[in-house]
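Good morning, and thank you for joining. I would like to take you through one protein chain, moving from its overall layout to a few individual residues. Please look at the display as I speak.

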Amino acid sequence: MNRTDRLYAIVEELRAVSPRPRSARWLAARFEVSSRTIERDIGALQQSGVPIWAEPGRTGGYVLDRARTLPPVNLTAGEAVAMAVALHRLRGTPFASAAASGLRKLLAVMPAADAAEAHRLAGRVHLIGDGPAAPVPASVADAVLARRVLRIRYADRAGAASERDVEPLGYLGNPRHWYLLAWCRLRDGVRAFRTDRILSVRPLSELVTRELCPDDLDIPRERVRPLSLV
């Protein structure tokens, strides 16, 4: 079991027996790790805002406050990343810290597989500045999430249209526009397609196996901020 899955499982174990405690030794045996690992995991959960406290004594252990936690949340990976994009626009406001804490709490109670998929999707989103407010066509967003090859008609700066098969790799957003980052089979390389210039989209049955390398962006690294869910 990886750490993300274990953190989720610890919360659900404590929720199931609350208000009774579970000791670090009991949890260590349950998840086949050391007591020190459990203590580090509990510390990480507490820092992310999960209401867990330690009850002292021979029969003590860790307790979760069920009244202040959510059951598993059926957010999709796309919904979680959408929240992260929106929350990043709150940087510099009085609510930035509270927004980040709220997102961490939601991720902590998402099913482990959904949370892992959300992290993978967030890893394909890059922002310059606070990111744009302009919309991305739903068909493009669906294809990036599903990792499907697209056949698009795209207009260049002069308005000339061309048809291309592209392998979606992620997004780049600046304060004005969203760009689809994709391997263009016509140009045999990574290209950035401004989403408001995509005239039509047709998903193909072929799946994308290629991953985006940060060096493919051809933008100074200090200018680009990868989207984070934490």
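How many helices and how many strands does the protein chain have? The chain has seven helices and nine strands. Please keep in mind that this is a predicted model. The mean pLDDT of the protein chain is 84, and 91% of the residues score at least 70. Among the elements, the lowest mean pLDDT, 77, belongs to H5, and the highest, 94, to S4.

Let me turn to the overall layout. Along the principal axes, the C-alpha atoms fill a box of roughly 75 × 40 × 30 Å. Of the 230 residues, 43% count as buried. The chain exposes about 12600 Å², of which carbon and sulfur atoms supply 51%. Among contacts with a separation of 6 or more, 62% are between residues 24 or more positions apart.

I shall begin with the N-terminal helices. Helix H1 covers residues 3-17. Its 15 residues should span 21 Å at 1.5 Å a residue, and the end C-alpha atoms are indeed 21 Å apart. Why can we call H1 largely enclosed by the rest of the structure? The reason is that 11 of its 15 residues are buried. The buried set includes hydrophobic positions such as Leu-7, Ile-10 and Val-11, but also Arg-6, Glu-12, Glu-13 and Arg-15. The cover over the buried residues of H1 includes H2, H3, S1, S2, H5 and H6.

Arg-6 deserves a closer look. This residue lies in H1 and is buried, with a relative accessible area of 8%. Which residues does Arg-6 contact, leaving aside its neighbours within four places in sequence? They are Met-1, Phe-31, Val-33, Thr-37 and Asp-41.

Two of those partners, Thr-37 and Asp-41, are among the buried residues of H3, together with Ile-38, Ile-42, Gly-43 and Leu-45. Helix H3 comprises the 13 residues 35-47, and its end C-alpha atoms are 18 Å apart, in agreement with the expected span of 18 Å. Its buried residues are covered by elements including H1, H2, S1 and S2. After H3 comes Gly-49, with a positive phi near 100°.

Further along the sequence, Val-109 in H5 also comes close to H1 in space. The C-alpha atoms of Val-109 and Val-11 are 98 residues apart along the chain, yet separated by 7.7 Å. Val-109 counts as buried, at 6% relative accessibility.

Now to the nonpolar cores. In soluble globular proteins, nonpolar side chains tend to be buried together. The largest nonpolar core here holds 31 residues, and Leu-180, Phe-193 and Leu-227 touch the most other members. Elements that each supply at least two residues include H4, H5, H6, H7, S4, S5 and S6. H4 gives the largest share, five residues. A second, separate core has 17 residues, including Leu-7, Ile-38, Ile-52 and Ala-108.

Leu-180 is worth following in detail. Not counting residues up to four places away in sequence, its contacts include Val-140, Val-144, Leu-150, Pro-168, Phe-193 and Ile-198.

Next, the backbone. Most residues other than glycine have a negative phi, and most peptide bonds are trans. Where does this chain depart from that pattern? The peptide bond from Ser-18 to Pro-19 is cis, with omega near 10°; Pro-19 is in the loop between H1 and H2. Arg-147 has a positive phi near 60° and sits in the loop between H7 and S4. Asp-188 has a positive phi near 55°, in the loop between S6 and S7. Are these two residues buried or exposed? Arg-147 is buried, with a relative accessible area of 13%, whereas Asp-188 counts as exposed, at 58% relative accessibility.

I close with the cysteines. How many disulfides does a search of the whole structure find? The search finds zero. Cys-184 is in no disulfide, and the nearest cysteine sulfur, in Cys-213, is 18 Å away. That distance is too far for a bond. Cys-184 counts as buried, at 0% relative accessibility, while Cys-213 counts as partly exposed, at 33%.

Key
Residues numbered from 1 in each chain as written. Predicted model: local features only at pLDDT ≥ 70, side-chain atom pairs only at ≥ 80, totals over all residues. Heavy atoms only, no water. Disulfide = S-S within 2.5 Å. Buried < 20%, exposed > 50% of the residue type's maximum accessible area, 1.4 Å probe, protein only. Helix = DSSP H or I, 4+ residues; strand = E, 2+ residues; numbered from the N terminus. Expected span 1.5 Å × (residues − 1). Contact = heavy atoms within 4.5 Å. Core = buried A, V, L, I, M, F, W, Y, C linked by side-chain atoms within 4.5 Å. Areas by Shrake-Rupley, 256 points an atom, 1.4 Å probe, with all protein chains shown as cover. pLDDT = per-residue confidence, 0-100.
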